Amino acid sequence: MSSSFGAQVLVRLRPSIYDPQGEAIRRSLASAGVEGIESVRQGKLIELEVRADSAEEAEARVREIAARVLANPVLEDHVVEVGPDSVAS
Amino acid sequence: MARRRFAIPVFPGTNCEEDVLHALRAVAGQEAELVWHQERSLAGFDAAVIPGGFAHGDYLRAGALARFSPVMEPLAAMAESGRLVVGICNGFQILQEAGLLPGAMQRNRSLAYVCRDVWVRTEETGSPFTAALTPGETIRLPVGHAEGNFHLPDRDLERLEAAGQVIFRYSEPDGSLTEAANPNGSRHHIAGVRNRRGNVAALMPHPDRAWEPALGGTGGLRLFESLVRWSES
């Protein structure tokens, strides 16, 4: 019996890489009068629902596509999290 | 010399295919055909030029999803066999994402979509885009991109430089490298690279938009001459 699993892939620029988007947000906040923000980095959160027989299988599949396509290893690091089954069928 | 037959892969979102088709046929005097991305064979073609645009919408990252298109398999085989495979703009990003060229394109440092003429300096002449050029020669070409900020980690960048794989750098008209001449923040001012073997190459500027005065410039002519010269050698 397969179930639907929720998965999240957090994709972030590698720490060594300058992030022009994050820097633009920091400058905007500063010019809007928000004080004390020393640094901003922007990444992306990709949420997936995966049909699989087990959480382990769901996680393995998400890890594969995260490494293969959702993140570009030249620029980005990524973290995968798979939650408990949400919908059984 | 017999004319070569060029494939021009077209993905959903590609938008420079007619420019490249016309440039290859009318300007370079070669045979060329558009090839839809679902095609599984490139039999009968000697070479391929991946045109600019927004393949698959660039929604995840520029060029990232194109690698799943069926045409990429025969294209990779063509590259593997030593035949000419080149990319322009989004075609560069597609070749990087497919692992056929090094590096990745980050958002432009300015965050703006840059659409203007730039100058590039020829770094080496062992690639399909530079075979008819002389080292140090500068050429004016238009760019139009939001993700052209070439990145490689330090060590890989050193290897790329040591292997002579940088074919073009953004420069001033006299060839000097200034920050003002670099439209997107690319590391080492890199505008174009080739693979180690030399048969796969790409650049961000558009030679396909600069081959007659009415288009605002003729800098692209020399690059199409190069494609022909390289494919004849």
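A residue counts as buried when its relative accessible area is under 20%. By that yardstick, 30% of the 89 residues of chain A are buried in this predicted model. The accessible surface of chain A adds up to about 5500 Å², and carbon and sulfur atoms make up 50% of that area.

As for the fold, chain A carries 2 helices and 3 strands, laid out along the sequence as β-α-β-α-β. The C-alpha trace of chain A stretches over about 55 × 30 × 15 Å along its principal axes. Its radius of gyration is 17 Å, whereas a compact globule of 89 residues would come in near 12 Å. Looking at contacts in chain A with a separation of 6 or more, 74% of them join residues 24 or more positions apart. On the charge side, chain A has 10 positive and 15 negative charges, and the mean positions of the two sets sit 7 Å apart.

Turning to aromatic rings, the count over all chains is 1 aromatic pair. The partners are B:Phe92 and B:Phe150, with 6.4 Å from centre to centre and 40 degrees between the planes, which makes the pair tilted. B:Phe92 belongs to helix α3 (residues 90-97) of chain B and B:Phe150 to strand β8 (residues 149-151) of chain B, so the pair ties together parts 58 residues apart in sequence. Both rings belong to buried residues: B:Phe92 has a relative accessible area of 0%, and B:Phe150 likewise comes out at 0%.

Conventions: Residues numbered from 1 in each chain as written. Chains lettered and ligands numbered in written order. Predicted model: local features only at pLDDT ≥ 70, side-chain atom pairs only at ≥ 80, totals over all residues. Heavy atoms only, no water. Helix = DSSP H or I, 4+ residues; strand = E, 2+ residues; numbered from the N terminus. Rg over C-alpha atoms; globule rule 2.2 N^0.38 Å. Buried < 20%, exposed > 50% of the residue type's maximum accessible area, 1.4 Å probe, protein only. Contact = heavy atoms within 4.5 Å. Areas by Shrake-Rupley, 256 points an atom, 1.4 Å probe, with all protein chains shown as cover. Lys, Arg positive; Asp, Glu negative; His and termini not counted. Charge placed at Lys NZ, Arg CZ, Asp CG, Glu CD. Phe/Tyr/Trp six-rings, centres within 6.5 Å; stacked < 30°, edge-to-face > 60°.
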